[in-house]
Amino acid sequence: MQRRIEDYALIGDEQTAALVGRNGSVDWLCLPRFDSAACFAALLGGDEHGHWRIAPKGAGDCTRRAYRPDTLVLDTEWDTAEGSVRVTDLMPQREGAPDLVRIVEGLSGRVEMRGLLRLRFDYGLVVPWMRRADGHRVAVAGPDAVWLRSEPPVHTWGKDFRTHSEFTVAEGEKVAFVLTWHPSHRPRPALCNPFEALRTSVEDWQAWSARCRYDGPHRDIVMRSLITLKALTYEPTGGIVAAPTTSLPEELGGVRNWDYRYCWLRDSTLTLGALLSAGYHEEAEAWRDWLLRAVAGDPADLQIMYGLSGERRLTEYEVPWLPGFARSGPVRVGNDAVNQLQLDVYGEVIDSLSLARSSGMPMKPHMWRVQVALMEFLRTAWRQPDEGIWEVRGPRRHFVYSKVMAWVAADRAVRALEADPKLGGDLNGWRAMRDEVHQEVCERGYDPGRNTFTQSYGSRELDASLLLIPRVGFLPPDDPRVIGTVDAVRDELGHSGFLRRYSVEENDVDGIDGLPGGEGTFLACSFWLAEALHLTGRTQEARELFERLVALANDVGLLAEEYDPLAGRQLGNFPQAFSHIGLVSTALALFGSEGTE
C-alpha cells in the first residue's frame with residue numbers, strides 16, 4: 001500500500017523532530033538538529049534508506065492512535081487476535097544528547113512484538129558499523145554515533161545490516177527502548193530514564209498547553225496547531241522552521257520538492273500575532289529576538305530565510321540516491337531561494353517589530369535602528385521588480401503584494417514616529433514614500449475592468465496574497481476594490497472549495513514560476529480566504545470554509561502545505577508551520593471574541 005503524507009504523526013524535542021507512521025515505523029529523523037542529515041530517510045525512499053519499526057508480529061497499520069491530551073506524546077495501539085498493545089513515542093526535552101523513546105505496553109492478552117532497526121546516516125547513504133557495548137547496540141559511522149538499549153533487556157540480533165528484536169508483552173508489562181545520538185568522538189552521554197521521561201514530558205506539555213488563552217470552537221485543533229508550532233521551534237535560538245522535512249512533493253511525481261527546514265521571514269508577523277493572541281508571550285519574544293539577530297547587517301543583504309541560528313548559506317544540492325516520496329524527485333537539501341530578492345520581507349520584518357512594540361514586549365536597544373536602516377534601503381529599493389512571496393524561479397516582476405508590503409513598512413515606521421517622535425527618523429520622507437507606493441499600486445496593480453488587484457503590474461493573473469490587502473490595512477475591508485479582489489481570487493483560483501496560490505499551467509516552464517507541472521491547493525491561502533470573507537462581512541461563509549479546512553487535518557490534527565481535492569490527500573512538506581499559523585490566526589479572527597479569556 002502506498003504511503004500518504006497524512007499517515008504520519010510528529011514527535012520532537014524542540015531541536016529536531018521525527019515522523020512516525022501508522023504502522024509504527026519512524027521513517028524520518030534528522031540528528032541532532034532539524035537541518036542535520038537524516039538517519040531515518042525511508043520517508044523519501046524505501047525501508048533500505050533507514051527506519052525503525054516496532055509493531056506486533058505480522059501486523060500492518062495500527063487500530064488507532066492519538067496524542068495524549070495537550071501533549072506531543074503519541075500513543076499507537078493495535079488490537080490483535082492474541083491481545084492489545086500500545087507503543088508510546090516521544091522525544092524528551094534535552095539535557096544534553098537527543099533521545100528517541102519508544103515504550104511498549106501490553107494492554108490485554110499476550111502479544112508477540114517485532115522490532116526492526118535500520119540506521120542509515122547521511123540521508124540513507126551510510127551503513128554504520130554495529131557492535132555491542134555495556135548492554136547496548138552501538139552504531140558508528142564518521143561523525144555519528146547512536147546507542148540503542150532496552151529496559152528490561154530483550155533479545156536482539158544483527159542480520160543483513162539490520163538490528164532485529166523479538167519479545168512478548170502481557171497485560172501490564174512494559175518494555176522501553178531508547179535511541180540516543182551523540183558525536184562519535186565523544187563518550188556516551190548519560191542514560192535517559194524512559195519512564196521518567198514519559199512522565200515529565202506529559203507534565204511539561206500539559207503545563208505549557210494550559211497557558212493557552214483560546215477556549216472557543218475547535219479548541220482541540222487550535223491547541224494541536226500551537227503545539228505543532230512549539231515543536232517546530234528550535235529552542236536554543238527561538239527560530240521556527242517552516243517544516244521538519246525536505247522534498248515532500250507539491251505534486252505526486254513532480255519536481256516541486258523543496259527543503260523547508262529553515263526559518264522564513266515571511267512567517268514572522270503571522271507567527272507573532274498568533275502566539276501573542278493565544279497567550280504565548282515568551283515564545284513570541286524568543287521569535288522576535290531570533291528575527292533581530294538574523295536580519296542584522298547590511299539591509300541590502302536581507303534574506304528571505306535563514307538557518308536555525310541565523311545561518312545565511314543554505315546551498316542547495318540534490319540527493320541522487322533517494323528516489324523521493326512516491327518517486328517524486330529530485331530530493332533537495334538546502335534552498336537556493338535564499339538568494340532571491342523578495343521585497344515583501346522588509347515589510348514583514350518592520351510589521352513584526354511594530355507588533356512586538358505595541359504588544360508591550362520589552363524593547364531592544366538596537367530594534368529601532370534596524371527598522372530605520374531597513375526603511376532607508378527600501379526608500380529606493382521598493383521600485384525594483386522581485387521574485388515575490390512565492391519564491392518563483394521565473395523572471396522578476398513588479399509583484400503587487402511586494403509593493404503592498406513596502407507600503408506596510410512605511411506605514412508602520414510613520415506610525416511609530418508619530419507615536420514617539422523621540423525615536424528619530426525621516427517622518428516626512430517616509431510619509432511621502434507611503435503615499436507614492438499606495439498611489440502606484442492602485443494605478444498599476446489594479447484592473448478596473450475586472451474590479452480586482454492583480455498579481456503583478458500589467459498582468460491578468462491573480463494571486464492569493466492579495467487577500468491580505470485588508471488585513472494589513474492597505475485598504476479598508478469595505479472598499480469595493482477589496483471586495484472585488486476577494487471575489488475574483490475565489491472565482492479564478494478556487495478549486496473544489498479551496499484555493500491555489502496562483503495560476504499554474506501544466507508543463508508551462510515559461511509561466512510565472514518557471515517550473516513544469518502543477519501543485520495542490522494551498523492551505524494557508526485557503527485560511528486567508530476565510531479571514532478575508534469574514535473581514536468583508538461574510539462571516540457565515542468564512543466559518544463554513546474554516547470547517548472544511550479543519551476537516552482536512554489528519555487523524556492526529558496535522559496539516560501539510562497543500563491539499564489535492566481530486567485525490568483527497570495532503571501534499572508538500574509536513575507538518576507545515578504556515579498552514580498551522582493560518583489555522584490559529586483564522587480561528588482567532590472568527591471566534592476570538594468568544595474564545596479568548
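Before sorting a lining by class, I note that Ala, Val, Leu, Ile, Met, Phe, Trp, Tyr, Cys and Pro count as nonpolar, that Asp, Glu, Lys and Arg count as charged, and that the others, Gly among them, count as polar. The model I am reading is a predicted one.

**Entry 1: cavities**

I looked up the enclosed space and found that the structure holds 7 cavities of 30 Å³ or more, with about 160 Å³ of space in the largest cavity. I then listed the 15 residues that line the largest cavity and noted that Glu250, Trp258, Trp390, Glu391 and Arg501 are the closest to its centre. Sorted by class, the lining of this largest cavity comes to 7 nonpolar, 1 polar and 7 charged residues.

**Entry 2: Arg266 and Glu519**

I turned next to Arg266, which I located in the loop between strand 18 (263–264) and helix 4 (268–278). Is Arg266 buried or exposed? I record Arg266 as buried, because its relative accessible area is 8% and the limit for that word is under 20%. Leaving aside neighbours within four places in sequence, I find Arg266 in contact with Ile304, Asp344, Glu348, Ile389, Trp390, Glu391 and Phe578. Two residues on that list, Trp390 and Glu391, also appear among those closest to the centre of the largest cavity. For Ile389 I noted a further detail, in that its backbone oxygen lies 3.4 Å from a polar atom of the side chain of Arg266.

Arg501, one of the residues closest to the centre of the largest cavity, led me on to Glu519, since I wanted to know which side chain Glu519 makes a polar contact with. The partner is the side chain of Arg501, at 2.5 Å. Glu519 sits in the loop between strand 25 (498–499) and strand 26 (521–522), and I count Glu519 as buried because its relative accessibility is 15%, with the limit set at under 20%.

**Entry 3: nonpolar cores**

How many residues does the largest nonpolar core have? I find 195, and those with the most contacts inside this core are Phe40, Trp52, Leu179 and Phe474. Helix 8 (residues 400–419) gives the largest share of this core, 13 residues. I followed Trp52 further and, leaving aside neighbours within four places in sequence, found contacts with Gly24, Ser25, Val26, Phe40, Leu100, Arg102, Leu116, Leu117, Leu148, Phe177 and Leu179. I also noted a second, separate core of 10 residues, which includes Val73, Val101, Ala176 and Cys192.

**Entry 4: pockets**

I moved to the open sites and took the largest pocket, with a volume of about 530 Å³. The lining of this pocket is made by 25 residues, of which Thr269, Leu270, Asp351, Leu355 and Arg471 lie nearest its centre. I listed the elements that give two or more residues to this lining as helix 4, helix 6 (344–358), helix 8, helix 10 (469–472), helix 12 (523–535) and helix 14. Which of these gives the largest share of the lining? I find that helix 6 does, with 6 residues. By class, I divide the lining of the largest pocket into 12 nonpolar, 6 polar and 7 charged residues.

The second largest pocket has a volume of about 380 Å³, and of the 17 residues that line this pocket I note Gln93, Glu95, Asp99, Leu191 and Cys192 as the closest to its centre. Cys192 is thus named both here and in the second core. Helix 2 gives the largest share of this lining, 5 residues, and I sort the lining of the second largest pocket into 7 nonpolar, 5 polar and 5 charged residues.

**Entry 5: backbone geometry**

I checked the peptide bonds and noted that the one from Leu31 to Pro32 is cis, with omega near 5°, and that Pro32 lies in the loop between strand 3 (25–30) and strand 4 (38–40). Phe574 and Pro575 are also joined by a cis peptide bond, with omega about -20°, and I place Pro575 in the loop between strand 28 (569–571) and helix 14 (577–595).

For positive phi I noted Asp160, at about 55° although it is not a glycine, in the loop between strand 13 (155–159) and strand 14 (162–170). His218, likewise not a glycine, has a positive phi of about 60° and lies in the loop between helix 2 (194–209) and helix 3 (219–231). I record His218 as partly exposed, because its relative accessible area is 25%.

Technical notes. Residues numbered from 1 in each chain as written. Predicted model: local features only at pLDDT ≥ 70, side-chain atom pairs only at ≥ 80, totals over all residues. Heavy atoms only, no water. Helix = DSSP H or I, 4+ residues; strand = E, 2+ residues; numbered from the N terminus. Buried < 20%, exposed > 50% of the residue type's maximum accessible area, 1.4 Å probe, protein only. Polar contact = N/O pair within 3.5 Å; in protein donor to acceptor, adjacent residues only side chain to side chain. Contact = heavy atoms within 4.5 Å. Core = buried A, V, L, I, M, F, W, Y, C linked by side-chain atoms within 4.5 Å. 1 Å grid on protein atoms, 1.4 Å probe; cavity = no way out; pocket = protein on both sides within 12 Å on 5 of 7 lines; lining within 4 Å. Points joined across faces, edges and corners; volume = space filled by probe spheres on them.
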